[in-house]
Amino acid sequence: MDYMEHFTSDPQIVAGQCVFRGTRVTLRTIIASLADGDSFAVILRNFPALKRSDINAAIAFAARSAISHIPRRGLPASHPERA
């Protein structure tokens, strides 16, 4: 999935925050909704401009972003790769 095609950033829209293309709904808002346990149905009801594929794109973005922030098991806390 090329999740980045779902997002855009424009200084004239929501002060340049990352939003879903064609909307003013921020990526941050949807990731926070998912983290709070909101279902796809609830998110789609609250943000009717979005599609299921937009929510999937938000999940893909969050997963990809987390790769560099997930600690690796077995490395001591002082190891350079854990810093």
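A residue counts as buried here when its relative accessible area is under 20%. By that cut-off, 22% of the 83 residues of this protein are buried. The model is predicted.

**Whole chain**

Start with a cartoon view. The protein has 3 helices and 2 strands. Trace the chain from its start and the order reads β-β-α-α-α. Now switch on the surface. About 5,900 Å² is exposed, and carbon and sulfur atoms supply 54% of that area. For the contacts, take pairs of residues at least 6 apart in sequence: 32% of these contacts join residues at least 24 apart.

**The aromatic cluster**

Select Tyr-3, Phe-7, Phe-20 and Phe-61 and show their side chains. Ring pairs link these four residues into a cluster. Across the whole structure, a search finds 4 aromatic pairs. Two of them are the next stops.

**Phe-7 with Phe-20**

Zoom in on Phe-7 and Phe-20. Their rings are edge-to-face, with centres 5.3 Å apart and 65° between the planes. What does this pair tie together? Phe-7 belongs to strand 1 (residues 7–8) and Phe-20 to strand 2 (residues 19–20), so the pair joins parts 13 residues apart in sequence.

Check the accessibility of each partner. Phe-7 has 5% relative accessibility and so counts as buried. Phe-20 is buried too, at a relative accessible area of 0%.

**Phe-7 with Phe-61**

Keep Phe-7 selected and add Phe-61. This aromatic pair is also edge-to-face: 5.9 Å centre to centre, 75° between the planes. Phe-61 sits in helix 3 (residues 52–66) while Phe-7 lies in strand 1, so this pair ties together parts 54 residues apart in sequence.

Is Phe-61 buried or partly exposed? Its relative accessible area is 25%, so Phe-61 is partly exposed. Colour by accessibility to set Phe-61, at 25%, beside Phe-7, at 5%.

**Thr-26**

Move on to Thr-26. Where is Thr-26? Look in the loop between strand 2 and helix 1 (27–35). Thr-26 has 8% relative accessibility, so this loop residue counts as buried.

Which residues does Thr-26 touch, leaving aside those up to four places away in sequence? Select Val-14, Gln-17, Cys-18, Val-19 and Phe-20. Phe-20 brings the tour back to the aromatic cluster, where Phe-20 is linked with Tyr-3, Phe-7 and Phe-61 through ring pairs.

Technical notes: Residues numbered from 1 in each chain as written. Predicted model: local features only at pLDDT ≥ 70, side-chain atom pairs only at ≥ 80, totals over all residues. Heavy atoms only, no water. Phe/Tyr/Trp six-rings, centres within 6.5 Å; stacked < 30°, edge-to-face > 60°. Helix = DSSP H or I, 4+ residues; strand = E, 2+ residues; numbered from the N terminus. Buried < 20%, exposed > 50% of the residue type's maximum accessible area, 1.4 Å probe, protein only. Contact = heavy atoms within 4.5 Å. Areas by Shrake-Rupley, 256 points an atom, 1.4 Å probe, with all protein chains shown as cover.
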